[in-house]
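Here is a protein model to explore at your own pace. Take a moment to turn it around before reading on.

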Amino acid sequence: LLGTSEIKNNELYIGGVSVSDLKEKFGTPLYIIDQADLEDRMETFVTQFKSDQFETHISYASKAFTNLYMAGLCKKHGLHIDVVSGGELFVALEAGMDPAHIYFHGNNKTADEIEYALSAGVGTFVIDNIQELRWLNQLTKEMEKQTQALLRINPGIEASTHKYIQTTTNDSKFGISTDDEKIHDMIQSLIDAPQIDFRGFHCHVGSQVTDEKYFFQEAEAIVSFTSTISKRYDIDIKEINLGGGFGVQHTPESPSIDFESFLTRYIDVIEATLQKYKIKPEVISIEPGRSMINNSGYTLYSVGHVKHTLEGLPLIFVDGGMSDNPRPSLYEAEYHAYLANKMENQVSENYRVAGKLCESGDVLIQSIELPAAESGDLLIIPASGAYTYSMSSNYNLMPRPGVVFVKEGQVVEAVKRQSYQDLIVNQRHYSN
Ligand code: LLP
């Protein structure tokens, strides 16, 4: 869980920088990204998910964690990017991503967002529903724009994960079921739209999936569907996008995927499945979000009070909580922690780690063995880069923490911590 970080004089160093230095300069809570580790993973995806039979696109799902610096790194490593809102699109464009390398997702793209994406020259729309398709059809005509599209389908494979992050059930709000007859109206309209280049299908099996069999089943389902459609409509399917969802390890006990070997097996399965169904798409794309960023990200907190209640484990209070990481309270997600200034001390007892927000559910970790904790200690949660900063909020008017990227002893403050002034920037005073 500590990736490439090191321990020196009882203290944790990430990217060659001591966490106490980071606290000193940037305060806590603080999101810390081990940049070398992240760039290695980007390269692993690019080099391992490769085939001589088709082109591959690694489209980073920016919902997991994005900002100008992150999107800039995606560009540097030749990744494509998946955006789900005008906001994510804006950040990708501001960061200099080639618009042709952007996939625009979302189940309810607004007309404004579609217009924005068309004028920016976004490469591919991933179409969710019939109304969106009508709007895209109309707007491409009005604006005299061409675009590419994939249709998001639900082939009825549901990976085992928390029900809040399941996506392919028949009552899912995403995509269209392959058993739904209306899918044929959509395919026909896509084929008929002269300004839309209908390239193929997209599907996403769920998120935080650690059993790789689901990805293989999904590949089989989408390729078999593609083959049926390609025969029925006599069209060439040029692209299949298999989505993301690759699970990561959050705690020493939880299962994980070894990406290097998984990606090679995945490519083998995809090649074999394409041969079986005699389908030859030009491009196969995947959309890793969590698996790209999560295990390069750490959240650093300062310990305030340590409290013993009448019952239950003693509480370590940190200076953040569900405002910077809502995942434990939303999905009962489990995390691990270290006292970053007592890395070599003997563990002494089991604690709960709780935040400072006014919610009983604001508990980041229900039980963890740590060295004796006291006020002023630094508590760090590793493997917390995905869906934390991106899902953070200003609840209780907590300023959002900053984000630093560390590499070879250098620190870049990619996102500044919000100030109190930032909290009222769009507000006005009451006056009679
Ligand atoms: N592609 C599509 C179409 C998606 O819907 C998602 C995630 C991804 C790619 C990226 O999935 P990843 O590789 O990151 O698992 N907030 C939740 C996760 C929601 C994921 C939604 N879709 C969490 O914190 O667990």
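What follows is a short tour of some strands, some helix pairs, the ligand's surroundings and two backbone oddities. Keep in mind that this is a predicted model.

**Starting with strands**

Let's begin close to the start of the chain. Three strands make an open sheet there, in the order β1-β2-β3, and their pairing is antiparallel. Which strands sit at the edges? They are β1 (6-8) and β3 (17-18), and each of them pairs on one side only. Zoom in on strand β2, residues 11-14, and you'll find two bridges linking it to β3, with the two strands running antiparallel. One partnership to look for is Y13 with S18, the latter being in β3.

Now jump further along the chain. Strand β14 (residues 297-307) is joined to strand β15 (residues 315-318) by three bridges, and these two run antiparallel. If you want a landmark, V306 has I316 of β15 as its bridge partner. β15 also has three bridges to strand β17 (residues 349-354), but this time the strands run parallel. Here the pair to find is L315 and R352, with R352 lying in β17.

**Helices side by side**

How do we talk about helices that lean on each other? Two packed helices are described by the angle between their axes and the distance between the axes. Three pairs are listed here.

| Helix pair | Angle between axes | Axes | Crossing |
|---|---|---|---|
| α8 (residues 213-233) and α9 (residues 259-277) | about 25° | 10 Å apart | right-handed |
| α5 (residues 111-120) and α6 (residues 130-143) | about 45° | 10 Å apart | right-handed |
| α4 (residues 86-94) and α5 | roughly 20° | within 10 Å | left-handed |

So what do those angles tell you? Angles under 35 degrees count as roughly parallel. With an angle of about 25°, α8 and α9 are therefore roughly parallel to each other. For α5 and α6 the angle is about 45°, so these two are oblique to each other. The axes of α4 and α5 cross at roughly 20°, and that makes α4 roughly parallel to α5. Notice that α5 turns up twice: its crossing with α6 is right-handed, while its crossing with α4 is left-handed.

**Around the ligand**

Next, have a look at the ligand. How many residues are around the ligand, and which come nearest? There are 21, and the nearest are A61, S207, G244, G289 and Y387. What kinds of residues make up this shell? It divides into seven nonpolar, ten polar and four charged residues.

The shell isn't built from one part of the chain. Domain 1 (6-33 + 294-423) and domain 2 (35-292) each contribute at least three residues to the shell. Two helices are worth picking out as well: α10 (290-293) and α11 (327-331) each provide at least two of the shell's residues.

**Two backbone oddities**

To finish, here are two spots that go against the usual pattern. Most residues other than glycine have a negative phi, and most peptide bonds are trans. Where is the cis peptide bond described here? It joins T28 and P29, with omega at about -5°. P29 belongs to the loop between α1 (19-26) and β4 (30-34).

The other spot is Q208. This residue is not a glycine, yet its phi is positive, near 55°. You can find Q208 in the loop between β11 (196-202) and α8.

Terms used. Residues are numbered from 1 along each chain as its sequence is written. This is a predicted model: local features need pLDDT of at least 70, side-chain atom pairs count only at pLDDT 80 or more; totals for chains, interfaces and linings use all residues. Two strands pair if DSSP finds at least two bridges between them. Helices (H or I, at least four residues) and strands (E, at least two) are DSSP runs, numbered from the N terminus. A residue is near a molecule or strand if its C-beta atom, placed from the backbone, lies within 6 Å of it. Ala, Val, Leu, Ile, Met, Phe, Trp, Tyr, Cys and Pro count as nonpolar, Asp, Glu, Lys and Arg as charged, and the others, Gly among them, as polar. Domain bounds come from an automatic or database domain assignment. Axes are lines fitted to C-alpha atoms, for helices over the stretch in contact, and angles run from 0 to 180 degrees between N-to-C directions. Angles under 35 degrees count as roughly parallel, over 145 as roughly antiparallel, 65 to 115 as roughly perpendicular and the rest as oblique. A crossing is left-handed if the near helix is turned anticlockwise from the far one by less than a right angle, and right-handed if clockwise.
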